[in-house]
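Reader: I would like a close look at a single part of this model, taken slowly and with its surroundings kept in view. Please choose the part yourself, and set out the reasoning wherever a term depends on a cut-off.

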Amino acid sequence: MFNGLIGYIFGGLVIGVLARLLKPGADPLGWIMTIVLGIVGAVVGGYISGMLHITSSLMQWAVAIGAAIVLLAIYEAARKKG
């Protein structure tokens, strides 16, 4: 279980950082929120990949990063309204 948790945290960090690098503009997130964004992006991306029957690991990562980019845009839009 602990190994799986570390995997999710590390994977979330990688996905979150890649999403922040690929999305233009200033992102007012710290490291913790970047990891959370990446983990949620991975979960959403995994769900979408399953729905679309995507089996390629590379494509699953791409979908997860895309989901994290969308979540980052939603976060920024919600932050600007508040």
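Author: A residue is called buried when its relative accessible area is under 20%, exposed when that area is over 50%, and partly exposed in between. The model to which these terms are applied here is a predicted one. Gly12, a residue of helix α1, has a relative accessibility of 1% and therefore counts as buried, since this value is under 20%. From Gly12 to Ala67 the C-alpha distance is 12 Å, although 55 residues separate the two in sequence. Ala67 is itself among the buried residues of α3, a group that also includes Val63, Ala64, Ile65, Ala68, Leu72 and Glu76.

The part I have chosen for the close look is helix α2, which runs over residues 31–51 and gives two or more residues to the lining of a pocket that I come to below. How does the length of α2 compare with what its 21 residues should span at 1.5 Å a residue? The expected span is 30 Å, and because the C-alpha atoms at the two ends of α2 are also 30 Å apart, expectation and model agree. The buried residues of this helix are Thr34, Ile35, Leu37, Gly38, Gly41, Gly45 and Ser49. When one looks down the axis of α2, these buried residues fall within an arc of 155 degrees, so they line one face of the helix. On the other side of α2 the residues Ile32, Tyr47 and Met51 are exposed.

Trp31 also belongs to helix α2, and its relative accessibility of 60% is over the 50% limit, so Trp31 counts as exposed. The C-alpha atom of Trp31 lies 8.0 Å from that of Leu13, a residue 18 positions away along the chain. Leu13 can also be paired with Ala78, and in that case the C-alpha atoms are 22 Å apart and the separation in sequence is 65 residues. Ala78 sits in helix α3, and with a relative accessible area of 48% it is partly exposed, because this value lies between the two cut-offs.

After α2 comes His53, whose phi is positive, near 60 degrees, and this positive value occurs in a residue other than glycine. His53 is found in the loop between α2 and α3, and at 69% relative accessibility it counts as exposed.

Beyond that loop, α3 can be put to the test already applied to α2. Its 25 residues should span 36 Å at 1.5 Å a residue, and the C-alpha atoms at its ends are 36 Å apart, which agrees. Not every residue of this helix is hidden: Lys80, which lies in α3, is exposed, with a relative accessible area of 71%. Between the C-alpha atoms of Lys80 and Leu5 there are 32 Å in space, and 75 residues in sequence separate the pair.

The structure holds one salt bridge. It is formed by Glu76 and Lys23, whose closest N and O atoms are 2.9 Å apart. This pair links distant parts of the chain, for Glu76 is in helix α3 while Lys23 is in the loop between α1 and α2, 53 residues away. Both of these residues are buried.

That leaves the pocket mentioned above. Which residues lie nearest the centre of the largest pocket? They are Ile15, Ala42, Gln60, Trp61 and Ala64, out of 13 residues that line it. Two or more lining residues come from each of α1 (2–22), α2 (31–51) and α3 (57–81). The lining divides into seven nonpolar residues, six polar residues and no charged ones, and the space in this pocket is about 210 Å³. Ala64, one of the residues nearest the pocket centre, also appears among the buried residues of α3.

To return to the chosen part, α2 is a helix with its buried residues along one face and with Ile32, Tyr47 and Met51 exposed on the other side.

Conventions: Residues numbered from 1 in each chain as written. Predicted model: local features only at pLDDT ≥ 70, side-chain atom pairs only at ≥ 80, totals over all residues. Heavy atoms only, no water. 1 Å grid on protein atoms, 1.4 Å probe; cavity = no way out; pocket = protein on both sides within 12 Å on 5 of 7 lines; lining within 4 Å. Points joined across faces, edges and corners; volume = space filled by probe spheres on them. Helix = DSSP H or I, 4+ residues; strand = E, 2+ residues; numbered from the N terminus. Nonpolar A, V, L, I, M, F, W, Y, C, P; charged D, E, K, R; others polar. Expected span 1.5 Å × (residues − 1). Buried < 20%, exposed > 50% of the residue type's maximum accessible area, 1.4 Å probe, protein only. Arc of directions from axis to C-beta. Salt bridge = Lys/Arg side-chain N within 4 Å of Asp/Glu carboxyl O.
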